[in-house]
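Got your viewer open? Let's take a walk through this one, stop by stop.

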Amino acid sequence: MLEVKDAVVRYGAITALHGISFSVERGEIVTLLGANGAGKSTTLRMLSGLHAPASGQILFEGRDISATKAHDFAALGISHVPEGRRIFPQMSVEENLEMGAFTRRDSVTEDMGRMYETFPILKERRKQLGSNLSGGEQQMLAIARALMAQPKLLLLDEPSMGLAPMIVETIFAIIGDIRSSGTTVLVVEQNASQALRLADRGYVMENGRIAFSDAASTLLHDERVRAVYLGESVES
Amino acid sequence: MRAFLERRSLRRLLITLGVVATVELMTGPPGSNQAPTSGFSGSFGESASFFGLFRTQRWVTFFAVALVLWGLTNFWMANGARVRQRTNLVVSRPRELSQRGPVRWGFALVLLVVALLLPHIETAAFWESAMVTYIAIYILLAIGLNVVVGFAGLLDLGYVAFYAIGAYTTAWVTGALPTPALFHHPLNPFWAIPIAIVIVMIAGVILGAPTLRLRGDYLAIVTLGFGEIVTIFANNLYGITGGSLGTKPIPHPSIHLGPLKYVWGLTPVPYYYLTLAFVVLFLVVFSLLERSRIGRAWTAIREDEVAAESVGINPLKFKVMAFAIGAASAGFAGVVTASADTYIFPSSFTLQFSINILVLVILGGMGSIAGVVLGAIIIQTIQAYLTHSPPAGYQAQDLYIYLGALLITMMIFRPAGLLPSRRRKREIALSEVSHEGHLDEVLTGDDT
């Protein structure tokens, strides 16, 4: 479904990604892991059109999208849940969801009902302003808003950031449900054990490269993952 | 009554006294070498007429004005606290708001009837022309700038450029410029209306497309430059604009449609009705736009541009749209000014003019159409009144002292404007909650 081939991303003279390649198949949950500065966020910026690759290709359903602009991604079927949630603070929960469906021309009431089923707390708070929600509720709202565009692929950037462990459990359970209902998920995470328990496959990044990859269940017990987080170098 | 004796209320009294005392000093007599304190004692001790109504010591009027302002702010604050309580956690849905729709439409209709009858109620020659040149034109400009500043959140300091382009386009199509007319023979100024609106919107796109990639302060500076460029061009392109001497006479518009024949002349009332018709048209279009998909995109961009992009909004496209749409009403205002005044000069299109319009928008309430109209009516009526029958000792530039004092007072007590938009009111209420440490009370008060 999504295939990245030898993508190089540069910030001026600095090369952040040295030709990374990975793929996400339809119906999978794939996770990108790595310590701070490994290039996870840059990869997601590239995948949401915020920073075009200097060379290499991004193929989505066989189409090259490496030059596509950020605001055209939603219409392609790729929705991005940005780092730090970035909900619209002065809009109500309901208005936030409506904004999520901005690119759609059909009726959204049915989908809105489905979101309220998945996230009952959002229904309770649907008239409240985004800025008045707790961190966990905001994360749910950010995910629900992204789903309102009916994406084929959902990109999640650090969904566990700054949340209490119990909330993180809930959020990850919901991500599992999202996949079950047919949406492919790519999640970038620092919280490796949590992400690997959920995902099918994982890629581990180090210094702007994919260091190694494997099935999530294998990676969960791989010493090298721990090493990467502790800053030790890994031979791939 | 107890509300008046609270610490916060007493603090407001001190601020009001300070602000009014400053105004009093600034408008008072100058000091002199022989009597260093004469400026001070004159400012408060001298007897002066109060807007020609009665004569009294200056300190009496000063004290009275301060007390009235203080009372008003206390009333507003109490009101604001109620709004805060209501908006804290539960926010009324847009749909609930629209149930008040019939009331709003009824109110608008009453206002329209009043506006239609106004020239028959107030028949003084000065006010008949002031209703057009001081008020109606400024309403058009204020609601147009409100689209850019209030809806899309873009600070435009060169809005006068669009007004100037509208006026010069009128001169161009009617053959009043040294350069040949647009279609080689002069047209009725009526044709200038659609042509000017289209040209001004194109100017909006031309200015917007390259500059709207900038944000905040940078955008403000570039738009300021654009305003200056247009004025400087008008001043220096003698062969095209007539330079600082202005244009040749611009004819009045006229209608010759079969049996319908009418010529607008020097009397202002027909212009009043023409302008009123377009004010209503722009008001309807702009309020429909605000509630449309486009309006929601503007709100999203204003609140979080990255998030807006992630849901599929192209920020540049919608910002350019705001520029072009906001410019349209200024273009029309330019046509009316040009054909009613019959001459235009570059000196009318200054930076000060752009700032004046911005003041109307800020005082009325950014993003609120009703507020902006009210702001324009109040400020421009005061200005017209002061010009027409100035109180003793009043000089034209004193206006800016009054406006400045009003603006400062407003920013302290009612930062969102006279009639703030629903969303802006919430923004202010929320920021006050977080600043005054009432958050706990709020969270426990209504957490159901």
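Here is what to select, and what you'll find at each stop.

**Before you start.** This is a predicted model, where local features need pLDDT of at least 70 and side-chain atom pairs count only at pLDDT 80 or more, while totals for chains, interfaces and linings use all residues. Residues are numbered from 1 along each chain as its sequence is written, chains are lettered from A and ligands numbered from 1 in the order in which they are written, and side-chain values use heavy atoms, leaving out hydrogens and water.

**Stop 1: a pair of helices.** Select 93–100 and 109–118 of chain A, which are helices H3 and H4. (Helices are DSSP runs of H or I with at least four residues, strands are runs of E with at least two, and both are numbered from the N terminus.) The two axes come within 11 Å and cross at roughly 125 degrees. That makes H3(A) oblique to H4(A). (Angles under 35 degrees count as roughly parallel, over 145 as roughly antiparallel, 65 to 115 as roughly perpendicular, and the rest as oblique.)

**Stop 2: salt bridges.** A salt bridge here is a side-chain nitrogen of Lys or Arg within 4 Å of a carboxyl oxygen of Asp or Glu. How many turn up in the whole structure? The search finds 14 over all chains.

Stay on H3(A) and pick Glu94(A): its partner is Arg126(A), with the closest N and O atoms 3.6 Å apart. Arg126(A) sits in the loop between helices H5 and H6 of chain A, 32 residues apart from Glu94(A). Glu94(A) is buried at 11% relative accessible area, whereas Arg126(A) is partly exposed at 23%. (Buried means under 20%, exposed over 50%, partly exposed in between, with a 1.4 Å probe and protein chains only.)

Now jump to chain B and show Lys319(B) with Glu305(B), a salt bridge at 3.3 Å. This one ties helix H14 to helix H13, and both residues are buried.

**Stop 3: two odd backbones.** Which residue in the loop between strands S4 and S5 of chain A should you click? Try Glu61(A), which has a positive phi of about 50 degrees although it isn't a glycine. Glu158(A) also has a positive phi of about 50 degrees. Glu61(A) is partly exposed at 39%, while Glu158(A) is buried at 7%.

**Stop 4: a nonpolar patch.** Finish on chain B, where residues including Leu109(B), Val113(B) and Leu288(B) make a nonpolar surface patch of about 770 Å². (Patch residues have over 30% relative accessible area and no salt bridge; like charges are joined within 9 Å, nonpolar side chains within 5 Å.) H5(B) gives the most, with 6 residues.

Conventions
Areas by Shrake-Rupley, 256 points an atom, 1.4 Å probe, with all protein chains shown as cover. Axes fitted to C-alpha atoms, helices over the stretch in contact; angles between N-to-C directions.
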